[in-house]
Amino acid sequence: MALPLIWLGAAAIGVAIVAEEKEKQKEVARKRLQGKAAKSHVDGQSAELSPSLWKTGDKRVQPVPGSIVCCFVFGVIEHTGIWIGDNTLVELHGSGLVRAVSVERFLAGRSGSRIYQACNHQHQALIATQTLNNAKHAIFSYRDYDLFDNNCHRFVWHCLSGEDSVVSSFSKLNNKIGGYFSEAIYWDEIDLCVK
């Protein structure tokens, strides 16, 4: 009898966490619409609006060549890359190969069907002029892949900044991106109908 009660309690906690996350996402969307959202990056913080497994609004952005993008890997971690246009992204694959892939290939074997773009508080993509060229020049190169020390986040940071330093997690990448642009980071869903 105790086991079903534990399951019910765990389910109730899960529902409460999902509801809280959805409400937080909606509040950030409201603040952005009202022009009250955070504009500047605070060192040590991750994104103001993280990618979400839950649809919380209708606002989607158009992908911009040179922008930083991400998707979920089984809802647990994020995979990042660089959008280069024409339905194509550059990513560091787990094999160590830097490759250009379609949206479908970027999402294959991962959870969900959404790709997010790093934007500022006004839904504008955060891009640096050299990022697109750095990503294109890296295609077909090989990096000694390591989940923590030489991962997709490190590759993206290298394309953006030219620095080849360890970026062990998505939250650390967010902090670096925010510091680079001196802007708060918002991950907006890309409108995949507009490729």
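Select S67 first: in this predicted model, S67 is buried, because its relative accessibility is 0% and the cut-off for buried is under 20%. Follow the chain on either side to place S67: this residue sits in the loop that runs between helix 1 (2–34) and strand 1 (68–73).

Stay on S67 and display its side chain. Which backbone oxygen does the side chain of S67 reach? The oxygen belongs to V64, and the distance is 2.7 Å. Now show the surroundings of S67. Leaving aside residues up to four places away in sequence, S67 touches G81, I82 and W83. Its other contacts in that list are Q117, A125, L126 and I127.

Next, two residues to select for their backbone angles. Most residues other than glycine have a negative phi.

Go to N87. Its phi is near 65°, which is a positive value, and N87 is not a glycine. To find N87, look in the loop between strand 2 (77–85) and strand 3 (88–92). Is N87 buried or exposed? N87 is buried, because its relative accessible area is 18%, and buried means under 20%.

Last, select F140. This residue also has a positive phi without being glycine, with a value near 75°. F140 is found in the loop between helix 3 (129–138) and helix 4 (152–161). Turn on the surface here: F140 counts as exposed, because its relative accessibility is 72% and the cut-off for exposed is over 50%.

To compare the two stops with positive phi, select both: N87 is buried, whereas F140 is exposed.

Note on methods
Residues are numbered from 1 along each chain as its sequence is written. This is a predicted model: local features need pLDDT of at least 70, side-chain atom pairs count only at pLDDT 80 or more; totals for chains, interfaces and linings use all residues. Side-chain values use heavy atoms; hydrogens and water are left out. Helices (H or I, at least four residues) and strands (E, at least two) are DSSP runs, numbered from the N terminus. Buried means under 20% relative accessible area, exposed over 50%, partly exposed in between (1.4 Å probe, protein chains only). A polar contact is a pair of N or O atoms within 3.5 Å; within protein, one must be able to donate a hydrogen and the other to accept it, and residues adjacent in sequence count only if both atoms are side-chain atoms. Contact means heavy atoms within 4.5 Å.
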